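Please open the structure in your viewer and set it to a cartoon view. The tour below suggests what to select at each stop and says what is to be found there.

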Amino acid sequence: LEKDQFEAGKRRAQLRKEARKKQKNFQTPLDSQIERMALGLLREAGPLKNIPSLANPRSILMEQTKLQNCELAQPQTANLANQIFGGFLMRRAFDLAYATAYVFAGCRPRFLEVDQVAFTIPVNVGDLTSFQAQVIYANVHDDLRGFNIYRGQKDVPLISIEVSAWVVLPEQASAKLSNRFTYTFAVSAGTEIRNVLPSNMEEARKMAVQLCNHKTI
């Protein structure tokens, strides 16, 4: 059982590694398939953006799923270079991602995997750090072959959360992107979740990439 799980995880990791080669520093690849899917998602979101009173009540815009927190970087979490450990930032991002999935689904999610991690600039002791999370993918799967706990189950919702960590500079009225993480969770089979849709092309491309990635699960 453990060997099967390891091999399945290894295959997923290789597929995601190949996908990341197309995404330097987390930029969405502008290939034709992604663009077509993104445009289709934007068209689907049209009623929700423009005539929300007539839109599907089970749909929600991606930006409406956001959660955020802010904290000062403390010296006890720093390395010898006076920079915050990447693992600590990942844990803070994970906690917010878990809360975002929990609030979105209305029940406790189960963590499945880290999809992507991108470290751009370090966080130094004393930096004001803002973590911003949102749902970038939510869909129902009938058979998660890569995860034995869900094998054979139908209608299992998957939820992918993107968390961005920003170093905020109030004196300069600016902020710099430090890190970005994507975590995927599942909730109990049969749980009803809302249909998440993008409100702009950037969000649409992120969602299209996740749709392609999760075809491999």
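The stops go from the whole chain to a pair of hairpin strands and then to a single helix residue.

Begin with everything selected, keeping in mind that this is a predicted model. The protein has four helices and seven strands, and from the N terminus on these elements run α-α-β-β-α-β-β-β-β-β-α. Of its 217 residues, 43% are buried, while the accessible surface comes to about 11800 Å², with 52% of that area belonging to carbon and sulfur atoms.

Next, select strand E5, residues 156–169, which is mostly covered, since 12 of its 14 residues are buried. Add strand E4, residues 128–141, and you will see the two strands pair in the antiparallel sense over 13 bridges; within this pairing, threonine 129 has valine 167 of E5 as its bridge partner.

Now add strand E6, residues 174–186, which also pairs with E5 in the antiparallel sense, here over 12 bridges. Valine 163 stands opposite phenylalanine 181 in E6. The hairpin of E5 and E6 has four residues between the strands, and alanine 173 takes a positive phi near 50° there.

Finally, move to helix H3, residues 86–105, and select alanine 101. Is this alanine 101 buried or exposed? Its relative accessibility is 0%, so alanine 101 counts as buried. Leaving aside residues up to four places away in sequence, alanine 101 touches Pro109, Ile159, Ile161 and Phe185. Threonine 184, although 83 residues apart from alanine 101 in sequence, is 9.0 Å from it in space, C-alpha to C-alpha.

Methods:
Residues numbered from 1 in each chain as written. Predicted model: local features only at pLDDT ≥ 70, side-chain atom pairs only at ≥ 80, totals over all residues. Heavy atoms only, no water. Buried < 20%, exposed > 50% of the residue type's maximum accessible area, 1.4 Å probe, protein only. Contact = heavy atoms within 4.5 Å. Areas by Shrake-Rupley, 256 points an atom, 1.4 Å probe, with all protein chains shown as cover. Pairing = 2+ DSSP bridges.
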